[in-house]
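Open the model in your viewer and keep the selection tool at hand. This tour goes stop by stop, and each stop says what to pick.

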Amino acid sequence: MVRELEQACPPFRLCLHKRDFVPGKWIVDNIIDSIEKSHKTLFVLSEHFVQSEWCKYELDFSHFRLFDENNDAAILVLLEPIQSKAIPRRFCKLRKIMNTKTYLEWPRGEEQQEMFWENLKGALKS
C-alpha cells in the first residue's frame with residue numbers, strides 16, 4: 001500500500017510511525033501531531049488493529065475530528081473481514097464510524113484491485 005500510494009502520480013505523502021515519528025518524543029504526541037498535520041488519516045482495519053491500544057488512541061483522536069469538527073478526514077479500509085463480536089467493546093467509536101461512513105474493502109480478486117486503488121486515491125484527494 002505504501003509503495004502504491006507514495007509512487008502514484010502525483011505521489012501521496014504518507015506518515016508512517018516507523019519512519020516519520022520523532023525519536024524520543026512521547027508516542028501520544030507523535031500520534032496527535034501527525035493526525036493534526038494530515039489532510040487525511042487512513043486506517044487499515046484488521047483483527048490486529050482492533051487488539052492494539054495505540055490504534056485505539058489514534059482512532060479516538062480521529063473520531064474527535066470526524067464527529068466533533070464535522071470533518072471527513074478519516075478513511076477506513078477493511079483489510080480482512082472482522083466479525084462484530086471480534087471488535088472489543090472499547091471500540092464503540094469504531095462501530096459507530098463503520099455504521100455511519102462508507103469504507104473500502106481490500107478486494108479478494110486481482111481483477112477488483114484496480115478499482116480499489118482508484119477509489120482509495122479518489123478518497124485521499126477529496
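Residues count as buried under 20% relative accessible area, as exposed over 50%, and as partly exposed in between. Keep that scale in mind, and note that this is a predicted model.

**Stop 1: the sheet**

Select β1, β2 and β3. These three strands form an open sheet in the order β1-β2-β3, with parallel pairing. β1 and β3 stand at the edges with a single partner strand each, so one side of each has no neighbour in the sheet.

Zoom in on β1 and β2. The two run parallel and are joined by five bridges. Now pick Leu-45. Which residue of β2 stands opposite Leu-45? Select Leu-78 to see the partner.

Stay on β1 and show its side chains. They alternate along the strand. Thr-41, Phe-43 and Leu-45 point to one face and are buried. Leu-42 and Val-44 point to the other face and are not buried.

**Stop 2: just past the strands**

Step to Ser-46. This residue is in the loop between β1 (41-45) and α4 (47-50). Is Ser-46 buried or exposed? Its relative accessibility is 11%, so Ser-46 counts as buried. Show what surrounds Ser-46. Beyond its neighbours within four places in sequence, Ser-46 is in contact with Leu-79, Glu-80 and Ile-82.

Move on to Leu-79. Its place is the loop between β2 (74-78) and α6 (92-100). With a relative accessible area of 37%, Leu-79 is partly exposed. Add Met-1 and Val-44 to the selection and switch on the surface. Together with Leu-79, they make a nonpolar surface patch of about 200 Å². Val-44 is one of the β1 residues from the face that is not buried.

**Stop 3: the salt bridges**

Look next at the charged side chains. How many salt bridges does the structure hold? The count is four.

Start with Glu-4 and Lys-121. They form a salt bridge, and their closest N and O atoms are 2.9 Å apart. Glu-4 lies in helix α1 (residues 2-6) and Lys-121 in helix α7 (residues 113-125), so this pair ties together parts that are 117 residues apart in sequence. Glu-4 is partly exposed, at 32% relative accessibility.

Go along α1 to Glu-6. Its salt bridge partner is Arg-19, with 2.7 Å between the closest N and O atoms. This pair links distant parts of the chain: Glu-6 is in helix α1 and Arg-19 in helix α2 (residues 17-20), 13 residues apart. Glu-6 has a relative accessible area of 25%, so Glu-6 is partly exposed. Arg-19 is also partly exposed, at 43%. Add Asp-20 to the view. Glu-6, Arg-19 and Asp-20 are linked in a network of salt bridges.

Then select Asp-33 and Lys-25. Their side chains meet in a salt bridge, at 2.3 Å from N to O. Asp-33 is partly exposed, with a relative accessible area of 24%. Lys-25 has a relative accessibility of 31%; that value lies between the two limits given at the start, so Lys-25 counts as partly exposed.

**Stop 4: the aromatic rings**

Show the aromatic side chains. There are four aromatic pairs, counting rings whose centres lie within 6.5 Å. A pair of aromatic rings is described by the distance of the centres and the angle of the planes.

Pick Trp-106 and Phe-116. Their ring centres are 5.0 Å apart and their planes stand at 85°, so this pair is edge-to-face. The pair links distant parts of the chain: Trp-106 is in the loop between β3 (104-105) and α7, Phe-116 is in helix α7, and they are ten residues apart. Trp-106 is partly exposed, at 25% relative accessibility. Phe-116 is buried, with a relative accessible area of 3%.

Keep Trp-106 and swap in Trp-117. Here the ring centres are 5.7 Å apart and the planes are at 70°, so this pair is edge-to-face. Trp-106 lies in the loop between β3 and α7 and Trp-117 in helix α7, so the pair ties together parts eleven residues apart in sequence. Trp-117 is buried, at 13%.

Finish with the three residues selected together. Ring pairs link Trp-106, Phe-116 and Trp-117 into a cluster.

How values were computed. Residues numbered from 1 in each chain as written. Predicted model: local features only at pLDDT ≥ 70, side-chain atom pairs only at ≥ 80, totals over all residues. Heavy atoms only, no water. Patch = residues over 30% accessible without salt bridge, like charges linked within 9 Å, V, L, I, M, F, W, Y side chains within 5 Å. Areas by Shrake-Rupley, 256 points an atom, 1.4 Å probe, with all protein chains shown as cover. Helix = DSSP H or I, 4+ residues; strand = E, 2+ residues; numbered from the N terminus. Buried < 20%, exposed > 50% of the residue type's maximum accessible area, 1.4 Å probe, protein only. Contact = heavy atoms within 4.5 Å. Phe/Tyr/Trp six-rings, centres within 6.5 Å; stacked < 30°, edge-to-face > 60°. Pairing = 2+ DSSP bridges.
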